[in-house]
Amino acid sequence: MASEETNVVYGTEDLLTSLCNSVLRVLNAATQSKVHYSAMVQRITKIGLKPDIGCFVLFDGGFSGLVVLNFDGDTALEIYEKYMLNMGMPKSELATSFTSDEVANILGELMNQIVGDFTGKVRRELQTNITQNQPKMLVLTKQVMLSVDTPLDRPELRRVSFFTEKNNIFYLELAIDRTEFIKLHDFDAHEVPDPDALLDMQQASQKAEAAPPAAADDDNAELLKSLGM
């Protein structure tokens with residue numbers, strides 16, 4: 001008698017790891033520096049915004065949850081400065097205080113990209129859909145507790161520590177309904193093409209297409225030269 005086997009391919013920790021990898025993917029590309037996260041994750045009982053800057057995003061759909069990023073002032077400024085310098089902005093024109101609206105706006109945009117990268121992976125790898133709201137970024141002087149406005153029957157709360165290239169720390173907190181995704185049959189999870197790789201391929205193709213006429217011009221020149229013209 002054949003035994004039935006069900007393979008759980010994604011649970012809470014897998015979703016958390018995927019989200020952490022989205023943080024790395026976006027911040028490493030945006031700042032051209034190395035951000036990494038702790039191999040240890042904390043189980044927590046409350047989720048909230050903490051000084052100096054806190055940002056949160058709600059998502060809903062196939063499953064519901066809340067993502068929070070908490071930065072101290074030095075960490076926020078480091079990420080902001082590296083991002084702006086990588087974009088070609090002169091350092092003399094950058095904000096010098098983490099309380100600047102420009103710093104909050106940039107961190108909010110990066111948060112939006114992080115959750116967007118995560119929701120894209122959810123669609124491809126789990127074949128379900130979640131939608132996100134616009135990130136809310138706040139400059140804080142004290143801690144603020146948050147609760148998810150969508151009901152979570154069995155909430156799971158986690159905190160992960162991240163470290164920047166200068167060893168500044170920021171924290172990711174996740175509140176999510178306890179869930180498991182079980183694969184019913186095999187499918188291909190297509191990765192999103194790397195825009196830089198696509199650009200390089202396009203440029204190489206254009207060069208290859210331009211090469212034959214140049215070769216033909218050389219042949220014509222040799223023929224004319226042999227005819228004394």
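This note goes through the helices of a predicted model, their packing, and three individual residues.

1. Overall content. The chain has 229 residues, and 40% of them count as buried. Its secondary structure consists of 4 helices and 11 strands. Of the contacts between residues at least 6 apart in sequence, 71% join residues at least 24 apart.

2. Helix 1. This helix covers residues 12–31. Its 20 residues should span 28 Å at 1.5 Å a residue, and the end C-alpha atoms are 28 Å apart, so expectation and model agree. After helix 1 comes Q32, which has a positive phi near 50°.

3. T12. This residue is placed in helix 1. T12 counts as buried because its relative accessibility is 9%, where the limit for buried is under 20%. Leaving out residues up to four places away in sequence, T12 touches E156, R158, I176, R178 and T179.

4. L27. Helix 1 also holds L27. With a relative accessible area of 3%, L27 is buried. Beyond the residues up to four places away in sequence, L27 touches Q32, V35, I79, L110, I114 and F170. One of these partners, L110, is 83 residues from L27 along the chain, yet the two C-alpha atoms are separated by 7.4 Å.

5. Helix 2, geometry and ends. Helix 2 runs over residues 73–86; these 14 residues should span 20 Å at 1.5 Å a residue, and the end C-alpha atoms are indeed 20 Å apart. At the start of the helix, a side-chain oxygen of D72 comes to within 3.3 Å of the backbone nitrogen of D74. Just after the helix, G88 has a positive phi of about 95°.

6. Helix 2, buried residues. Those that count as buried are G73, T75, A76, L77, E78, I79, Y80, Y83 and M84. They pack against helix 1, helix 3, strand 4 (53–61), strand 5 (65–71) and strand 10. The next three points take up the two helix partners and then a loop residue that contacts helix 2.

7. Helix 1 against helix 2. Packing of two helices is described by the angle between the axes and the distance between them. The axes of helix 1 and helix 2 come within 7 Å and cross at roughly 55°. The crossing therefore makes helix 1 oblique to helix 2. On the helix 1 side the residues are L27, A29, A30 and T31, and they meet I79, K82, Y83 and N86 of helix 2. By class this contact has 5 nonpolar, 2 polar and 1 charged residues.

8. Helix 2 against helix 3. Here the axes come within 10 Å and cross at roughly 80°. The angle makes helix 2 roughly perpendicular to helix 3. Helix 2 contributes A76, L77, I79, Y80, Y83 and M84, while helix 3 contributes E102, V103, I106, L107 and L110. By class the contact has 10 nonpolar residues, no polar ones and 1 charged residue. I79 and Y83 are also listed in the contact of helix 2 with helix 1, and L110 is also a contact of L27.

9. T164. This residue is in the loop between strand 9 (155–163) and strand 10 (169–177). T164 counts as buried because its relative accessibility is 3%, against a limit of under 20%. Its side chain makes a polar contact of 2.7 Å with the side chain of E78, a residue that is itself among the buried residues of helix 2. Leaving aside neighbours within four places in sequence, the contacts of T164 are K34, V35, T75, E78, I79 and F170. V35, I79 and F170 also appear among the contacts of L27.

10. Helix 3. The 26 residues of helix 3 (residues 101–126) reach 37 Å from the first C-alpha to the last, close to the expected 38 Å at 1.5 Å a residue. S100 caps the N-terminal end, with a side-chain oxygen 3.2 Å from the backbone nitrogen of E102. E102 is also one of the helix 3 residues in the contact with helix 2. Just after helix 3, Q127 has a positive phi of about 55°.

Definitions and conventions: Residues numbered from 1 in each chain as written. Predicted model: local features only at pLDDT ≥ 70, side-chain atom pairs only at ≥ 80, totals over all residues. Heavy atoms only, no water. Expected span 1.5 Å × (residues − 1). Polar contact = N/O pair within 3.5 Å; in protein donor to acceptor, adjacent residues only side chain to side chain. Buried < 20%, exposed > 50% of the residue type's maximum accessible area, 1.4 Å probe, protein only. Contact = heavy atoms within 4.5 Å. Axes fitted to C-alpha atoms, helices over the stretch in contact; angles between N-to-C directions. Parallel < 35°, antiparallel > 145°, perpendicular 65-115°, else oblique. Nonpolar A, V, L, I, M, F, W, Y, C, P; charged D, E, K, R; others polar.
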